[in-house]
Amino acid sequence: MLLEQAHPLEDSERVPLRDAAGRILIQDLLSPIDVPGFDNSAMDGYALHSSDMALAQTRGLVISQRIPAGVQGKPLQTGSAARIFTGAPVPEGVDTVVMQEACRIENDRVFVDKPAGAGANIRPRGNDITAGITLLHAGTILRAAQLGLAASVGIAEVEVRRRLRVAIFSTGDELIEPGQPLAPGHIYNSNRYLLHDLVATQGCKVVDLGSIADSLDATRAALSTAAAMADLVITSGGVSVGEEDHVKAALQSLGNLTLWRVRMKPGKPLASGRIGSVPFIGLPGNPVSVFVTFLLFARPYLQRLQGRVETTPQSWPVTVGFDHRTTDRREYLRVRLSGDPLRGLTAEKFPRQGSDVLSSVAWADGLVEVAENTQVHSGDTLRYLPFSEWAR
Ligand code: AMP
Ligand code: MG
């Protein structure tokens with residue numbers, strides 16, 4: 001439902017390659033050139049015509065020129081060889097490079113001890129990239145390899161999607177900021193920091209509005225302010241069923257609530273809707289629920305707003321090393337993989353799985369999904385969702 005309602009941002013900007021890391025391409029990137037642009041040597045060695053190989057093994061070849069990388073050699077006379085280095089252009093018509101370890105120099109002539117066939121050790125023009133091909137598709141996120149690839153064809157600037165602005169705030173009268181003394185009955189605001197990093201890691205600009213009191217007025221005011229400043233508003237807490245939970249009512253008075261409550265554990269009270277035209281996701285208050293619902297709902301949604309096509313969280317099957325029984329809610333257990341990767345990994349479960357136990361997330365390297373109404377036995381194979389993927 002969320003993904004269907006997600007309208008990708010249209011605005012784009014041109015940025016130098018150096019500033020493009022983590023950004024999303026808005027148009028296909030075509031290569032203006034072949035890479036490499038010329039046949040070149042894959043080795044330090046000697047370039048020669050393969051028709052001279054027999055001669056090179058018996059009487060040797062005179063070394064008629066020296067071609068380091070960056071130098072264009074001259075045409076190579078038959079019966080002679082060129083000293084050549086890795087990356088240097090191979091002279092026109094020359095079809096073989098013999099690596100220097102297979103050669104010996106005697107009386108200024110090169111003798112080949114271990115012959116190589118025609119085409120050996122030559123990287124042909126266009127071996128990596130052909131001019132005109134689509135190098136990178138629109139929607140691709142630019143990381144080290146993609147930035148390097150764009151640079152390799154001489155592209156200095158790219159057209160990328162404007163950064164998504166995401167406003168976040170936490171709700172709760174009990175919240176105190178780290179660094180302040182803790183008053184009786186209060187807790188430190190962990191969601192603010194957790195959520196800030198989760199959103200920032202997605203390449204978004206975070207508008208951090210701190211925390212607000214549990215009142216309808218404060219919640220309405222904060223939602224309006226947030227919506228005026230951002231493309232998307234994400235909050236934590238205040239979406240459950242108690243009368244101290246004001247987010248739903250505030251949302252309904254400013255826009256609409258399109259989704260509330262998901263049959264899952266943790267994360268049941270997840271809410272979503274719009275503040276005017278600005279999309280809103282209300283994550284639950286418990287920090288573990290924030291983490292899990294962010295991965296499963298907010299992150300794919302953010303990615304879709306950013307124009308990403310593939311938003312499904314990465315997962316793979318693992319064997320579990322525990323028993324577990326679920327009720328009518330689907331569960332996401334905090335687990336850690338152990339064992340030998342070649343023999344198959346086993347997922348171990350953190351002993352305390354409460355939605356308030358943030359230690360479980362810090363300990364775990366991923367989640368295991370257990371279907372509703374299921375008895376899991378040690379040795380069963382289940383779906384594992386790695387946390388490492390969140391940084392991508
Ligand atoms: P709520 O959904 O607002 O009732 O919150 C559910 C639980 O999460 C309560 O125990 C809250 O104290 C806790 N909680 C809510 N917001 C935060 C926060 N920002 N940091 C840490 N815990 C929170
Ligand atoms: Mg609350």
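**Figure 1. Ligand 1 in the largest pocket of a predicted model.** Ligand 1 occupies the largest pocket of this predicted model. A pocket here is an open set of points on a 1 Å grid over the protein atoms alone, where a 1.4 Å probe fits and protein lies on both sides within 12 Å along at least five of seven lines; a molecule sits in a pocket if more than half of its atoms lie within 2 Å of the pocket's grid points. Strand 13 (165–171) and strand 15 (187–188) are the elements that give two or more residues to the shell around ligand 1. Strands are DSSP runs (E, at least two residues), numbered from the N terminus. Residues are numbered from 1 along each chain as its sequence is written, and chains are lettered from A and ligands numbered from 1 in the order in which they are written. In this predicted model local features need pLDDT of at least 70, side-chain atom pairs count only at pLDDT 80 or more, and totals for chains, interfaces and linings use all residues, while side-chain values use heavy atoms, with hydrogens and water left out.

**Figure 2. Residues and polar contacts around ligand 1.** The shell has 16 residues, of which Glu174, Asn189, Ser190, Gly238 and Gly285 come nearest; a residue counts as near if one of its heavy atoms lies within 4 Å of the ligand. By class, four residues of the shell are nonpolar, 10 polar and two charged, with Asp, Glu, Lys and Arg counted as charged and Gly among the polar residues. Polar contacts (pairs of N or O atoms within 3.5 Å) involve the backbone. A polar backbone atom of Ser190 is 3.1 Å from a nitrogen atom of ligand 1, and one of Gly238 is 2.9 Å from a ligand oxygen atom. For Gly285, a backbone N or O atom lies 3.2 Å from a nitrogen atom of the ligand. The protein buries 77% of the 490 Å² that ligand 1 exposes when taken alone (Shrake-Rupley method, 1.4 Å probe).

**Figure 3. The aromatic pair of Trp316 and Tyr384**. The structure holds three aromatic pairs, that is, rings with centres within 6.5 Å. Trp316 and Tyr384 are tilted, at 5.2 Å centre to centre with 55 degrees between the planes; tilted pairs are those neither stacked (under 30 degrees) nor edge-to-face (over 60). Trp316 belongs to strand 22 (residues 316–320) and Tyr384 to strand 28 (residues 381–386), 68 residues apart.

**Figure 4. The cis peptide bond at Pro36**. Val35 and Pro36 are joined with omega about -10 degrees. Pro36 lies in the loop between strand 2 (29–30) and strand 3 (40–41).

Notes
A polar contact is a pair of N or O atoms within 3.5 Å; within protein, one must be able to donate a hydrogen and the other to accept it, and residues adjacent in sequence count only if both atoms are side-chain atoms. On a 1 Å grid over the protein atoms alone, a cavity is a set of points where a 1.4 Å probe fits but cannot get out, and a pocket is an open set with protein on both sides within 12 Å along at least five of seven lines; lining residues have an atom within 4 Å of a point. Helices (H or I, at least four residues) and strands (E, at least two) are DSSP runs, numbered from the N terminus. Rings of Phe, Tyr and Trp (its six-membered ring) pair if their centres lie within 6.5 Å; planes under 30 degrees apart count as stacked, over 60 as edge-to-face and the rest as tilted.
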